Amino acid sequence: MLPIVVAVNGTERVDRMARMTDSPAGPRRRGAARTRELLHAALELAAEVGYAGLSIEAVARRAGVGKHTIYRRWPSIAALLLDALGLVWVSDLDYRTDGDIRSDLHEQFVRSCHALSTPPIGPVYRAVIAEAQADPQLRATLYERFLSTVEQRTYDRILRAQRNGELVPGADLEYPAEVLCGTLYYRWLLTPRPVDEHAIDGLIDMFMAAYGNRA
C-alpha cells in the first residue's frame with residue numbers, strides 16, 4: 001500500500017505544482033487584456049470629447065471599471081494617454097528602407113504628419129505635450145518614448161543613406177536629423193501653417209541641397 005500512497009501523493013503534488021505554475025500566467029494574461037481595454041477606452045473617449053473632457057473617472061465609466069483600477073496602473077490621465085498613444089502610433093515612427101533617401105523621408109513624414117493631424121492621436125499628443133511642460137517626469141517619459149525615437153530613427157535612416165553614397169561623406173548628421181524632425185513639430189505645434197506635402201517637400205529639398213551627394 002505504501003508505494004501506492006506515494007504514487008498518489010506524487011501525482012497530487014505534481015498536479016498542485018502544475019496549477020501553481022499555470023496560475024500566475026492567467027492573471028497576467030487577463031491583466032494585459034484589461035490594460036489594452038483601458039487604453040482603447042481612453043482613446044475612444046478622447047476622440048469623442050477631447051482632452052478637456054477626459055478624466056480618470058470618465059475613462060473608468062467608459063471601461064466599466066472602478067477608478068482605482070486605473071490609478072493602480074497610471075498616476076494621471078496624461079500618463080494613461082501616453083501609453084495609449086504608444087499602442088496605436090509607434091508603427092508610424094518607422095522608416096521605409098526600400099527607396100532612395102528622398103522618397104523614404106517623404107513617405108515617413110507624410111504618414112507621421114497625417115497621424116498627428118487626425119483624431120485621436122493628434123489632439124491627444126498635443127495635450128500630452130502641453131501637460132508635460134509642468135510635469136518633469138512626464139516630459140522625460142515623452143522624450144524617451146517618442147521624441148528621441150523619432151530623432152534616432154531619422155538619424156539611422158539618413159546615416160544609412162550616407163553610407164550608401166546618397167549623402168555627402170563625413171558630415172555629422174545628428175543635428176540635421178534633429179532639424180528635420182523639429183521643423184515639422186514646430187510647424188504643427190506652434191504655427192497656424194499646415195504641415196502638408198508642400199511643406200514636407202520644401203524641408204527635404206533644403207536638406208538635400210545641404211547634404212545630398214552631387215558626385
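This note covers the enclosed cavity and the largest pocket of a predicted model.

1. Cavity count and volume. One cavity reaches the cut-off of 30 Å³ or more. The largest cavity holds about 100 Å³ of space.

2. Cavity lining by element. Two or more lining residues come from each of α6 (101-116), α8 (136-163) and α9 (174-190). The top contributor is α6, with five residues.

3. Cavity lining by residue. The lining includes Gln108, Phe109, Ser112, Cys113 and Leu116. Leu93 and Tyr95 are also among the lining residues. So are Val150 and Thr154, along with Cys181, Leu184 and Tyr185.

4. Cavity chemistry. Nine of the lining residues are nonpolar and three are polar. No charged residue lines the largest cavity. Gln108, Ser112 and Thr154 belong to this lining, and they count as polar because they fall outside the nonpolar and charged sets.

5. Pocket volume and centre. The largest pocket has about 240 Å³ of space. Its lining has 15 residues. Nearest the pocket centre lie Leu147, Glu151, Gly182, Tyr185 and Leu189.

6. Pocket lining by element. Here α8 and α9 are the elements that give two or more residues. The largest share comes from α9, with seven residues.

7. Pocket chemistry. The pocket lining splits into 10 nonpolar, two polar and three charged residues. Glu151 is one of the residues nearest the centre, and it counts as charged.

8. A shared residue. Which residue near the pocket centre also lines the largest cavity? Tyr185 is in the cavity lining and is among the residues nearest the pocket centre.

Methods
Residues are numbered from 1 along each chain as its sequence is written. This is a predicted model: local features need pLDDT of at least 70, side-chain atom pairs count only at pLDDT 80 or more; totals for chains, interfaces and linings use all residues. Side-chain values use heavy atoms; hydrogens and water are left out. On a 1 Å grid over the protein atoms alone, a cavity is a set of points where a 1.4 Å probe fits but cannot get out, and a pocket is an open set with protein on both sides within 12 Å along at least five of seven lines; lining residues have an atom within 4 Å of a point. Grid points are joined across faces, edges and corners, and a volume is the space filled by probe spheres set on the points. Helices (H or I, at least four residues) and strands (E, at least two) are DSSP runs, numbered from the N terminus.
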